[in-house]
Amino acid sequence: MSLTTTRTAADRPEYGRAKYPFHITKEEERQLRLKGAEAVPSLVIGQATSFDEYARQLMIPPAVMDLARKAEDLRLSAWEVEAMRKHLAPAAEPGDKVGLLRQILVEKYKKDDTHPPYIRVACSGRGDYDDLASEHGHLHHDDHPKGDIGSPVVLEIWPAQHYSPIHSHGHTTGIVFCLAGQLDVMVYEHLKWDARKLGLLTLTPGQCAWLSADNYAVHRVYCPIDGGGGTTGPGYMNSTAEFGASFHVYLNPEQTAIEDDDGDSYNRDSFDYIDEKSKERCSFDTESDLSWGILRRVLANTPLT
């Protein structure tokens, strides 16, 4: 579903058979998945089942392994997932009221349609759209400071067929842990529109990718689940309630005893990305859209029948 009546580049393949969001053909996808499976250090943290896997994971920094071990048992409960679906569902009829998460998607789309929007939920601090929760009876209208920047722990909600721009996490060290659905992650050599692609992987619940200043800091995340009609790309908004969810932790250099000033963003307060339309490098202050405390109260009071 598009929020505009005009057709966008999302309606047709790019570069012949190459398509959004990764701008690759099926054969290029196959080759990149093979590269991702053989990457050194390993792109994915998990229980090694072969000598090769063990050797590739042995090269992952200890700080990253510690984060992954602490997250390995995290999951969204069945009722949380179902309640999120209710709040992500589009209106059944024009003018019908939609849930909190769909409201946020629409508001974000109005501000930036260069890529399909996703939702950042701060596990500490406040979110830019916490005030929308007042409609659900969980926040007073006057009690809404601007969203905090730089939360070290973030839940990200990826509606089906929505994706992030290519972006860099600079000098932070962290993990991307899949909690629900399915997520594709493409890693790049540098933060440029035409940067060399290093590998593509798919995360399912319980699987963990990672990043550091020296490895896999530049990536793009995409939820490949069916999003309804249309083809993903700039100007796209899905027409289903399906989604993927991921848990992200970002440590600043001083928290890992690794510091190296080379001009890239140096902490989690700001990340650089490539604009999907202009292909230019831009900066994003990491304000969150919603706070976990508010979202969980809304979910807990959402009727599931």
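1. Let me start with the second largest pocket, where the lining splits evenly by class: six nonpolar, six polar and six charged residues. The space in this pocket comes to about 450 Å³. Of the 18 residues that line the second largest pocket, those closest to its centre are Lys19, Tyr20, Lys26, Glu29 and Tyr222. Helix H1 is the main contributor to this lining, with three residues. Please keep in mind throughout that this is a predicted model.

2. The segment before H1 deserves a look of its own. Tyr20, already named as one of the residues closest to the centre of the second largest pocket, is joined to Pro21 by a cis peptide bond, with omega near 0°. Pro21 belongs to the segment before H1, and His23 has its place in that segment too. His23 has a phi near 60°, a positive value in a residue other than glycine. Is His23 buried or exposed? His23 counts as buried, because its relative accessibility is 11% and the cut-off for buried is under 20%.

3. Now to H1 itself, which covers residues 26-38. This helix lies across strands E6 (183-188) and E7, and it runs at about 85° to E7. On the other side of the helix in sequence, the loop between H1 and strand E1 (44-45) holds Pro41. The peptide bond from Val40 to Pro41 is cis, with omega near -5°. When you go through the model, you may like to view this bond together with the cis bond from Tyr20 to Pro21.

4. Next, the sheet. Six strands form an open sheet in the order E7-E6-E9-E4-E11-E12, and the pairing is antiparallel. Which strands are the edge strands? They are E7 (197-203) and E12 (281-285), each of which pairs on one side only. E7 is also one of the two strands that H1 lies across.

5. At the E12 edge, the partner is E11 (residues 270-274), and the two strands pair in the antiparallel sense over five bridges. Within this pair, Ile274 stands opposite Arg281 of E12. The loop between E11 and E12 contains Lys279. Lys279 is not a glycine, yet it has a positive phi of about 65°. With a relative accessibility of 31%, Lys279 counts as partly exposed. His23, the other residue with a positive phi discussed here, counts as buried at 11%.

6. E11 and E12 also take part in the largest pocket, which has a volume of about 570 Å³. How many residues line the largest pocket? There are 25, and Lys108, Asp112, His115, Tyr118 and Phe284 are those nearest its centre. At least two lining residues come from each of helix H5 (100-111), strand E3 (153-159), strand E9 (218-222), strand E10 (243-251), E11 and E12. E12 supplies the largest share, three residues. By class, the lining of the largest pocket has ten nonpolar, six polar and nine charged residues.

7. There is also an enclosed space to consider. The structure holds one cavity of 30 Å³ or more, and the volume of the largest cavity is about 50 Å³. Its lining is made by Leu43, Val176, Val185, Val187, Leu201, Ala209, Trp210, Leu211, Tyr216 and His219. Two elements give two or more residues each to this lining, namely E6 and strand E8 (208-211). E8 gives the most, with three residues. In terms of class, the lining of the largest cavity has nine nonpolar residues, one polar and no charged ones.

8. One last residue to check is Ser212, in the loop between E8 and E9. Why does Ser212 count as buried? The reason is its relative accessibility of 8%, because buried means under 20%. Apart from neighbours within four places in sequence, Ser212 is in contact with Gly170, Thr172, Thr173 and Ala217. If you are viewing the cavity, E8 is a handy guide to this spot: this strand gives three residues to the cavity lining, and Ser212 lies in the loop between E8 and E9.

Notes
Residues numbered from 1 in each chain as written. Predicted model: local features only at pLDDT ≥ 70, side-chain atom pairs only at ≥ 80, totals over all residues. Heavy atoms only, no water. Pairing = 2+ DSSP bridges. Helix = DSSP H or I, 4+ residues; strand = E, 2+ residues; numbered from the N terminus. Contact = heavy atoms within 4.5 Å. Axes fitted to C-alpha atoms, helices over the stretch in contact; angles between N-to-C directions. 1 Å grid on protein atoms, 1.4 Å probe; cavity = no way out; pocket = protein on both sides within 12 Å on 5 of 7 lines; lining within 4 Å. Points joined across faces, edges and corners; volume = space filled by probe spheres on them. Nonpolar A, V, L, I, M, F, W, Y, C, P; charged D, E, K, R; others polar. Buried < 20%, exposed > 50% of the residue type's maximum accessible area, 1.4 Å probe, protein only.
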